[in-house]
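Trainee: I am new to this structure. Please take me through one part of it closely, and tell me how far to trust what I see.

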Amino acid sequence: MYSLTPVLIAVVCVLIVWIFKNADRGVERRKGEARAGSEARPWVDADLKDSTDLQQVEEDADEWQESEESVEHIPFSHTRYPEEEMVMRSQEFYELLNKRRSVRFISNEQVPMEVIENVIKTAGTAPSGAHTEPWTFVVVKDPDMKHQIREIIEEEEKINYLKRMGQRWVTDLKKLRTNWIKEYLDTAPVLILIFKQVHGFTANGKKKVHYYNEISVSIACGILLAALQNAGLVTVTTTPLNCGPRLRVLLSRPTNEKLLMLLPVGYPSKEATVPDLKRKPLDQVMVTV
């Protein structure tokens, strides 16, 4: 009996070592799966995440400013149209926006700055979480600055197309005839870079929570697209993957701002073409309960 004790001890030791090695392999496997998952979906750019972190706000309460206690409420002014006019206005607005297309061939002809200011003011009417208005619209007209933006984006986009995006994504884009060459960043008379403010600052320097900042700014971008179409200008929505930090530094924006979208804006060039795409019919996008 006693002669078996060393053998039993040796067996137990082997089992313990085996258990720990398998546990380590499991941890490494999970880490590998996480890395593979992030690599498989590289378009989830860190700058595109909504970073409203309420738990962090609570932990660092001294750094954050409480919201205003009260705001005066005033009577609401509303214009109500007859039903026939409502139908007509809604149909006309649909027909106007149905002509909107993503245009990558943009003329270098200058556009009135007053129009750009008006469409950005229109975008600024968007609703936002707790009325924090967490957006910054950076208008770039300087040719040298536009070219620097192009260089940064094309450098990253080449890597995106060749490595990050994956074959499926690149294949899906073939019908659009798009690649990492972005000539419109030089030719468009105006570039509008839309930044989301992940938090704000009050007059006393404390941080101010910006709830649902990405959703709020995305709504503003949609209104901006409609305003540009209404003004007779064209654009193409671009989300420069992995370019946000470098563009933020180039444009001297603070660290609480993250790039969400870039819009080259202008008139279409005379040779402009667009893919002959069809939109889904109403019965495929609307459900009535």
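Mentor: Start with a caution. Over residues 36–44, pLDDT stays under 50. The model has eight contacts beyond four places in sequence for that stretch. This is a predicted model. Where pLDDT is low, the predicted coordinates should not be read in detail. The chain as a whole averages a pLDDT of 84, and 72% of the residues score at least 70.

Now the part to look at: the stretch around α8 and α9. Begin with the loop between β4 (207–209) and α8, where Tyr211 sits. Tyr211 has 33% relative accessibility. It counts as partly exposed because that value lies between the 20% and 50% cut-offs. Tyr211 also belongs to a nonpolar surface patch. Its partners there are Tyr212, Ile215 and Ile219, and the patch covers about 400 Å².

Move on along the chain. α8 spans 213–231 and α9 spans 244–250. The loop between them holds Asn242. Its phi is near 65°, a positive value in a residue other than glycine. Most residues other than glycine have a negative phi. Asn242 is partly exposed, with a relative accessible area of 29%.

Past α9 comes another loop, which leads to β5 (257–265). Ser252 lies in this loop. Ser252 also has a positive phi, near 60°. Its relative accessible area is 59%. Ser252 is therefore exposed, since that value is over 50%.

Note on methods: Residues numbered from 1 in each chain as written. Predicted model: local features only at pLDDT ≥ 70, side-chain atom pairs only at ≥ 80, totals over all residues. Heavy atoms only, no water. Helix = DSSP H or I, 4+ residues; strand = E, 2+ residues; numbered from the N terminus. Buried < 20%, exposed > 50% of the residue type's maximum accessible area, 1.4 Å probe, protein only. Patch = residues over 30% accessible without salt bridge, like charges linked within 9 Å, V, L, I, M, F, W, Y side chains within 5 Å. Areas by Shrake-Rupley, 256 points an atom, 1.4 Å probe, with all protein chains shown as cover. Salt bridge = Lys/Arg side-chain N within 4 Å of Asp/Glu carboxyl O. pLDDT = per-residue confidence, 0-100. Contact = heavy atoms within 4.5 Å.
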